[in-house]
Every structure is written in structure tokens, then in C-alpha cells.
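Here's a quick briefing to read with the model open in your viewer. Pull up the strands and the side chains, and follow along topic by topic.

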Amino acid sequence: MPFRTRTAVSGAILATAAVLLCPAAAAARPAATPAPPPGWSAAPAPADGAAPSAQDRPYFYLAGAPGTVMNDRLSLRNPGGRAVTVRLRGPGGWLVFAAKEVTVPPRTRATVPFTVTVPPDAAPGDHSAELVATAGGTGRGAAGRDAVPVHLRVTGPVLAALTVENVSVRGRGGAAVIRYTLVNRGNTVLTPRLAVRVDGLFGPVLRRAARTLPDRLAPGQSADLTETWADPPELDAVKVRLTVTAGGGAHGSATASYSALPWGVVAGPAFLLAGAGGLVVVRCRRHAKGAGDGQGGERVRSGDGATRPPEGEAAGPAAELASSGSGARA
């Protein structure tokens, strides 16, 4: 027992000495303070009244026929120590909140009802928007903006239609770029898939199997896209065909022509044609000059005073009469 008492006293003395000798080390470890609560947030309110979470309802999904009125609720959570005033805004005239501005007390969750009215003339298909909540203030977490996606499907006949347009091919260094435009002509959101086929004068040149593009197209939306062709032929005339497909049977295709000819191949025949044309012109001019010299030669005067045509030219009637008259006088 004396040994144990002596040991405990020694330990206490050593601990006290350590604190006295190292005050900086003791001051470096302040008392732990609780982390500040996160700022306010907006989320879809669950149907069962439980606390909303991203796993429960990450977005609003509503479906109804044209003319339908649907109801749902937005949940605003304020875990901070100060009240937060939040302003609410919905997409267009389809969505109306029960209150456009809501003050959420500290450490409270408020629920705001809203209605969605589908216009009678709304086209069937998918429509995407978002609910926006904004707040301003000086407290921690009071200022900020939050948005909740809304996916609305108007029921009715669904048309999936997709076209590929404005296909062109342009060379760039040792590669080529295929430019094209995709247009969603239907009333549902589409995720396009693209396949590329190129055929030349001597057979297939390029085959790219259909792959899913990263862009999703809403109804009526278009997108200008490009496809890189790393090794086009250097001497060929090819036809490029783009084929796009999407869910619901959407299908479209378009073609474009592309000629890859080196400058020498194009310039060589041009120079040959120009040279042949020049040679023909020179020969024609020489032939015309020779014919002119034969017809316009000067007449030759003989010793007896009579003029005769140049050699090879037939004598005219006047020359024949002059010749016969000279013979009679002799």
C-alpha cells in the first residue's frame, strides 16, 4: 500500500510539472466547440411527413393529362439560430405557390403547398423546370439560393422523332471534322445514339458503331455537334452517312460528300489541259497565216509586159484575152 500511495503522488507531481513547464502546449488545445449548423435548404416534402432527404425525393415528378390540376409541397429547413425569409419562384404560369415569401423560424421546417395546372392545349410529353428559393441576410446560412428540379409529364399520345441535319465535312490538317445538327421533332425527351459510316470509291472507309451521346434533347430542342475523323483518306471521294436513334423508335439519317485530293493531283491535269489548249491555238494561227500568204501573193510581170499570176494560181479571163491578142499580132 505505501508503494501505491507513493506512486500516485509522484504521478500527480509529474503531471503538474508538465503543465507548468509547457504552458504553450496546454493553451494550444482549447475546448472543443460544436460545428455551426448548415444553412437552410429546400427539398420536396415527403408524403408521409418524415424529414425530407435527397434519397427520399431528389426532385418533383408530376404526371397528368391536359387540363389537370395537381398538388404538391415544398419543404424549407432552417437549422440555424436565426429566422430566414425565403422567396419562392416557379416555372411560368403552370405552378403557383400558396405563398411567394415564407419566413422560417430558427431550427424549424416549414412546408409550402403549390399547385400545377396543365394547360388544356399542352402537348403530350416531358417538360422540365425547377423551383427556385432565394434568401438574403447577414446571419450564417441566411443568404443563398437553392433549386429543386421539377419533371412534368403531360400524358397522351407520345411522339418520338429525331432528325440529323446540316451534315458537312471539313479538313483540318491531317484530320477532318464532321459537323451536324440534331433536332428533337417529337414531344418527349430523347437521349440520342449516333453511328457513323463512310464509304469511298474502293469500299468501306470508316465504321463507328452506335454510341450514346452525352446530351439529352428536350422537345423542340436542337444541338450543333461535331465528330472528329482522325485519319481520312488522302486520295478518295467518299460519302459520309450519320444515323441517329433514340428511345420510342426515333430514327434519322443524313449524308454528305467529301473529296480528298492532293493539290498536285488537281493542278497536274489542269496544267496539261491548259498546255494542250495553247498548242491547238498556236497551230490554228499558223494554218491561218499560211493560207493568207497563198491568197495574197503579188503578181509577176513577164518580159513581154504581160502580168501573170504567181505560180500555182490559175489565170483569169482577162489574162487569157491578153494572151490571145498578142498571138494574133505576131
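What follows goes through sheets, cores, rings and a couple of single residues.

Keep in mind that this is a predicted model. Two open sheets of 4 strands get most of the attention here: one runs β13-β12-β15-β16, the other β1-β3-β7-β5. After those come the nonpolar cores, the largest of which has 29 residues, and then the aromatic pairs, 3 by count.

**The β13-β12-β15-β16 sheet**

- Pairing in this open sheet is antiparallel, with the strands in the order β13-β12-β15-β16.
- The edge positions go to β13 (203-212) and β16; each has a single partner strand, so one side of each has no neighbour in the sheet.
- On average, and ignoring direction, neighbouring strands here are turned by 10° against each other.
- Between β12 and β15, which run antiparallel, there are 7 bridges.
- If you want a register marker for β15, use V196, which sits opposite L242 in that strand.
- β15 and β16 are also antiparallel, and 11 bridges join them.
- Along β16, H251 is the residue that T245 stands opposite.
- These two strands make a hairpin with 3 residues between them, and G248 there has a positive phi near 85°.

**The two faces of β15**

- Which residues of β15 are on its covered face? They are D236, V238, V240, L242, V244 and A246.
- The uncovered face of β15 carries A237, K239, R241, T243 and T245.
- V240 and L242, both from the covered face, are also among the residues with the most contacts inside the largest nonpolar core.

**The β1-β3-β7-β5 sheet**

- This is another open sheet of 4 strands, with antiparallel pairing.
- Here β1 (41-44) and β5 (95-97) are the edge strands; each has a single partner, so one side of each is left without a neighbour in the sheet.
- The average turn between neighbouring strands in this sheet is 30°, direction ignored.
- There are 4 bridges between β1 and β3, in the antiparallel sense.
- One spot to click on is S41, which faces R77 in β3.
- How far apart are R77 and S41? They are separated by 36 residues in sequence, but by 5.4 Å in space, C-alpha to C-alpha.
- R77 belongs to strand β3 (residues 69-78), and it counts as partly exposed because its relative accessibility is 40%.

**Nonpolar cores**

- The largest core holds 29 residues, and V164, V167, Y180, L182, W229, V240 and L242 have the most contacts inside it.
- Two or more residues of this core come from each of β10 (162-172), β11, β12 (193-200), β14, β15 (236-246) and β16.
- There's also a second, separate core of 27 residues, with V102, V116, L131 and V154 among its members.

**W229 and the aromatic pairs**

- The aromatic pairs number 3, and one of them is W229 with Y258, a tilted pair at 5.9 Å centre to centre and 55° between the planes.
- Since W229 lies in strand β14 (residues 222-229) and Y258 in strand β16 (residues 250-260), the pair ties together parts that are 29 residues apart in sequence.
- Both partners are buried: W229 has a relative accessible area of 1%, and Y258 is at 14% relative accessibility.
- Beyond four places in sequence, W229 touches A175, A176, V198, V205, L206, R208, V238, V240 and Y258.
- Ring pairs also link F60, F97 and F114 into a cluster.

**T181**

- T181 sits in strand β11 (residues 175-184).
- Is T181 buried or exposed? Its relative accessibility is 10%, so T181 counts as buried.
- The side chain of T181 makes a polar contact of 2.7 Å with the side chain of D224.
- Leaving out neighbours within four places in sequence, the contacts of T181 are T163, V164, E165, N166, S222, A223 and D224.
- One of those contacts of T181, V164, is also among the residues with the most contacts inside the largest core.

Key: Residues are numbered from 1 along each chain as its sequence is written. This is a predicted model: local features need pLDDT of at least 70, side-chain atom pairs count only at pLDDT 80 or more; totals for chains, interfaces and linings use all residues. Side-chain values use heavy atoms; hydrogens and water are left out. Buried means under 20% relative accessible area, exposed over 50%, partly exposed in between (1.4 Å probe, protein chains only). A polar contact is a pair of N or O atoms within 3.5 Å; within protein, one must be able to donate a hydrogen and the other to accept it, and residues adjacent in sequence count only if both atoms are side-chain atoms. Contact means heavy atoms within 4.5 Å. Rings of Phe, Tyr and Trp (its six-membered ring) pair if their centres lie within 6.5 Å; planes under 30 degrees apart count as stacked, over 60 as edge-to-face and the rest as tilted. A nonpolar core is a set of buried Ala, Val, Leu, Ile, Met, Phe, Trp, Tyr and Cys residues joined through side-chain atoms within 4.5 Å. Two strands pair if DSSP finds at least two bridges between them. Axes are lines fitted to C-alpha atoms, for helices over the stretch in contact, and angles run from 0 to 180 degrees between N-to-C directions.
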